[in-house]
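Here are a few friendly exercises on charged side chains. Have the structure open and try each task before reading its solution.

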Amino acid sequence: MKPHPLAIALLCAAHLHAEDRVVTAPGTAWKRHTIDNTSRGADGTKLGDVNRDGLPDIVTGWEEGGVVRVYENPGAAKVREPWPQTTVGKVKDVEEAIFTDFDGDGQLEVVSGTEGKTRTLYWHRKVGEEWHTQPFPAARNTQMWMQTAALDLDGQHGQDLLVASKNEGAAVGWLQAPAKADDLGAWSYHKLRDAGWVMSVTPHDMDADGDMDALFSDREGQRTGVFWLENPGASANRDHAAWKEHAIGGLGKQVMFVDVGDVNGDGRMDVVVAAKAVDIIVCLRKADGGWEEHVLTLDGANLGDAKAAKIADVNGDALPDLLFTCENAKGPREGIVWLEQQRGGPWKQHTLGGPEGLKFDLMQTLDLDGDGDLDVITCEERDQLGVIWYENPHR
């Protein structure tokens with residue numbers, strides 16, 4: 001008989017408050033499948049249904065290869081084969097790529113962000129049968145763009161862009177859409193906060209007031225940690241009002257990719273972040289709106305350096321688990337593991353990716369093969385494993 005959800009919630013909460021130990025458990029690596037490994041420096045995987053068939057597709061920028069590609073999900077029967085691909089743009093130093101629909105026609109476009117010497121945001125859209133690439137003048141040769149998210153912030157003209165960058169002039173800000181999305185010269189940029197090196201920027205309604213706030217992690221500079229910026233509302237954004245900043249956790253630490261979800265089953269959204277060297281910082285949301293920070297230190301003897309953390313129920317026991325990716329996973333060191341949450345005991349660190357791969361990135365979890373469990377999509381950009389997914393052995 002399955003335990004009652006309330007009992008699970010109470011047991012989860014008690015576990016996290018009582019013990020933050022991590023122990024290493026035996027296990028074998030998950031089977032890896034290649035979506036594409038034909039370019040260089042795969043840097044991120046974001047999802048969207050580009051062909052409107054009901055299946056999530058992938059967009060990825062290849063930093064060293066200088067291309068932005070879309071991968072169409074072929075369905076469960078063919079998902080273990082390389083996916084059909086389209087190069088939607090050729091841009092140097094590409095760091096980020098997401099799906100958008102700026103013109104509201106139901107056909108997804110792509111926005112990419114570049115760092116290095118290129119330092120530009122681009123719009124890739126299909127006109128007829130051809131994909132066209134255009135820069136946003138307000139974000140051309142300005143900042144090293146690391147993260148983007150599309151959402152309507154001012155209540156007019158459709159989706160705007162929440163954007164963040166690194167190094168000189170780095171900031172969290174937004175690009176405001178004009179009346180006609182394809183009038184790229186009319187897009188305007190508004191800075192919200194100075195930054196050092198933003199790794200994540202995620203729209204999420206942190207204060208339950210009906211609009212999307214900005215959850216982000218900043219790994220360098222004078223104010224490192226995980227924060228959220230409070231959206232003042234559409235009307236205030238039309239006047240370019242300031243967004244109030246709130247601290248969450250990991251302050252003073254080199255924090256990496258962030259995820260949000262209910263870790264302890266109390267109905268409140270928590271925040272997890274990977275932090276150097278090999279920590280997962282779990283920030284539990286308290287009833288009064290504050291945060292309670294827990295640090296899970298992984299067994300670093302056989303791991304690289306922290307890169308990303310993600311919340312997902314990997315083994316189907318109704319307890320959220322944690323996934324963890326690494327960079328600098330040299331030699332026999334592993335680049336991806338998962339942490340099993342147990343009722344009343346320590347977290348159990350399991351192998352996932354095995355020793356192959358040096359530098360992994362953020363993760364997406366989906367049931368790609370239709371067998372009822374969550375598989376893991378990610379990319380690897382130094383050993384040229386490319387865009388890949390790992391098949392969950394739990395059924």
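A salt bridge here is a side-chain nitrogen of Lys or Arg within 4 Å of a carboxyl oxygen of Asp or Glu. Please keep in mind that the model is predicted.

**Exercise 1.** Find how many salt bridges the whole structure holds.

Solution. Searching the whole structure with that criterion gives 19 salt bridges. As background, side chains of opposite charge can pair when their charged atoms come close.

**Exercise 2.** Decide whether K191 and D194 are exposed, partly exposed or buried, and give the N to O distance of their salt bridge.

Solution. Start with the distance: the two side chains meet at 2.8 Å, N to O. Next, take the accessibilities. K191 has a relative accessible area of 52%, and exposed means over 50%, so K191 is exposed. D194, at 46%, is partly exposed.

**Exercise 3.** Locate K253 and E293 along the chain.

Solution. First, check the pair: the closest N and O atoms are 3.9 Å apart, and K253 and E293 form a salt bridge. Then place the partners: K253 sits in the loop between β18 and β19, while E293 belongs to strand β22, 40 residues apart. Finally, K253 is partly exposed at 29%, and E293 is partly exposed at 38%.

**Exercise 4.** Work out whether D361 and K307 are buried or exposed.

Solution. Their side chains form a salt bridge at 3.5 Å, N to O. The pair links the loop between β26 and β27, which holds D361, to strand β23, which holds K307. Buried means under 20% relative accessible area; D361 has 3% and is therefore buried, and K307, with 4%, is buried.

How values were computed. Residues numbered from 1 in each chain as written. Predicted model: local features only at pLDDT ≥ 70, side-chain atom pairs only at ≥ 80, totals over all residues. Heavy atoms only, no water. Buried < 20%, exposed > 50% of the residue type's maximum accessible area, 1.4 Å probe, protein only. Helix = DSSP H or I, 4+ residues; strand = E, 2+ residues; numbered from the N terminus.
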